[in-house]
Structure formats: C-alpha cells, structure tokens
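Biologist: I've got a protein model open and I'd like to talk about the empty spaces inside. Can you walk me through them?

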Amino acid sequence: MLSRIAESLFWIGRYVERADGTARILDVHLERLNQMPSDEQHSMSRDLLAIMGNRPESEDFGLNDLLHALAYDRSSPTSISGSLGAARENARRARETVSSALWECLNTTWYGLNQHRKDVVGTYRFCNWVLERTAMVTGLADTTVSHDEGWQFLVLGRSLERADMTARMLSTQNVMSSSMSWVNMLRCAGAYESFLRTRQAAFGDDHAAEFLLLDRLFPRSIVYALSDAESCLASLEPSYQRVGFGNDARRVVGQARTFLEFHQTDDLLSELPEHMERVQKATAQASDAISRKYFSQAEDLSWVGELS
C-alpha cells in the first residue's frame, strides 16, 4: 500500500475519533460550566483547554472562547469542526481507497457544519449531531471498506485516538471533581448501561474508574483501545519475532497496556492522573513511531503540545 494512502486512512480514523471524543467531553461539561460563577467558569475553561492539549492566549479566557477553540474553530485540528474538515481532506486524498458511502458521509458532515453553527442550533445540539455523524462514519468504515491493510490503518488511528481521548476525558474528572459525578463520566463515554450490567450492585467511583480504564470488553475503555491498536500493528507486520519487537509502536502500545492490566493498586483514583499522563505519552510516541515506519515525508499532525 502507498504510504500516502496509509497515512490518510490513519488520520481519518484519528480525526473522526477526536471529533467524537471532544463532543462527548463538551457535552458532559457544558451545563456545569454554564452554571458556574464568572471567575470559576474562566478558570475551568482554561483547565479544560489545557487538558485538550492547548493553552489559552490570555487570562481573560471564558466559556465562549473555550467553545470556539474546541467546537467551532475550523482552522484548528484540535477542534471538532477542524477535525471533521481534516478527516474529509484526508478522505479526498485517499478517494480511490475509501468507499463512496464513507466519502459521501464525511463530505455531507463537513457541509452540514454550516447548518449547525452555535448561533443556529446551540452547542448542545451541535455536540449531539456530531456524535450521530461520527457514529455513522465509523459504521460505514467498518461495513463498506474491505478489511485489508488500509482498514487496519484506519482502525489503528481510531484506536490510538480513542485511548488518548478516554484518558483526556478521565483527566477532566480532576478538574471538575467538585461538581462532576462518575455517573456523568460513564454517560460521557456511553458506558453507563454496560457498567450497570457488568457491576450490578458494586457501584462506586473506584469501580467506575476501573471500568473505563481496564475493562477488556467495553470498546471505549483504555485497555480495549490499546488492545485493538496492538492487534492492528500485529496484522500490519505479522512476521514472527523470536527476540523482542522490531516495531517500536507495538512495543510502546504493548508496554502501556500491560502496565495498566497488571499494575495492582489499592487506590486507583489517587493514581489516575499519573496513569492518564502515561497513556497520552504512549499514544503520542506510538503515533510518531508509526509515522517513521510507514509514512514517507510525514507531516507533523500531532496534538498540540502532546509531546511536551
């Protein structure tokens, strides 16, 4: 497969998942931010922007600035609109590989941004529309694209971004801890019903954090996403390794997953920030290793500040 096509498919997966994850985070925090006093609202807005990998340009950074930076700024690949635009552009570059249904869905979503501006539908409805559209893109990618090497790159990008976005979502719990319940955090990840069926009577903050971090069967848990990325990397380079791994990305992802799965602790919540930082660094390092190995003349399309 041409490295140009592989790179485009990889970033389609990442950008679509980035839009989805950012919409989930904004959706779950928006109501609380609206109810905060002005000073606290400004502080929380700056903290949330920092968690999403950016820094405010001034101290007078409020909710409207946050919404522009994370939802509506089409020039930024860290915003929802910018991510959807970048996904469409990568699909255009790989037009001979992506299915017509997938291309049309991304193209329609891009043009639909004009009808879902803040002044037209509001941010809450915008986020819900984005979740519907990204779910459609994911479904079409899985059902209308051959599950060959190209699809593996798409899923690889999606899995790395999903692990990163879940880590960022869990990091917001520390910022909003005074007003944020783990029930809402589970709902943010679409995990509430699955958590109740799995845990039944065992319900608590530590159980919810453990579910989103370590559950092997829930698709948005960090361990599940890292396992998916590992499987894709193994499929892309299936050669038998007698000693170690020549693929740096597979080594980094595997180390991150096994550390989480086999690390024992009596207080997961207190160690959560450390775990989330480790996951974000691992996904950034894996993405860099994938670019070096598979993509020629790869552009720096990483998260702003993700390697700092």
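Modeller: Sure. First, the word itself: a cavity is a set of grid points where a 1.4 Å probe fits but cannot get out. In this predicted model, the count comes to two cavities of 30 Å³ or more.

Biologist: What makes the largest cavity count under that cut-off?

Modeller: Its space is about 90 Å³, and the cut-off is 30 Å³ or more, so it counts. The second largest cavity holds about 60 Å³, so that one gets in too.

Biologist: Why is R24 called a lining residue of the largest cavity?

Modeller: Lining residues have an atom within 4 Å of a cavity point. R24 is on that list, along with others including E17, M165 and C188, so each of them has an atom that close.

Biologist: Which helices supply at least two residues each there?

Modeller: α1 (3–35) and α8 (149–175) do.

Biologist: How do you know that four of the lining residues are charged?

Modeller: Asp, Glu, Lys and Arg count as charged. E17, R24, R162 and R220 are in the lining, so they make up the four charged residues, beside five nonpolar and two polar ones.

Biologist: And what lines the second largest cavity?

Modeller: Among its lining residues are I12, G13, V137 and R158. α1, α7 (123–144) and α8 each give two or more residues, and α1 gives the most, with four. By class, the lining splits into five nonpolar, two polar and two charged. G13 is in that lining, and Gly counts as polar, so G13 goes with the polar ones.

Conventions
Residues are numbered from 1 along each chain as its sequence is written. This is a predicted model: local features need pLDDT of at least 70, side-chain atom pairs count only at pLDDT 80 or more; totals for chains, interfaces and linings use all residues. Side-chain values use heavy atoms; hydrogens and water are left out. On a 1 Å grid over the protein atoms alone, a cavity is a set of points where a 1.4 Å probe fits but cannot get out, and a pocket is an open set with protein on both sides within 12 Å along at least five of seven lines; lining residues have an atom within 4 Å of a point. Grid points are joined across faces, edges and corners, and a volume is the space filled by probe spheres set on the points.
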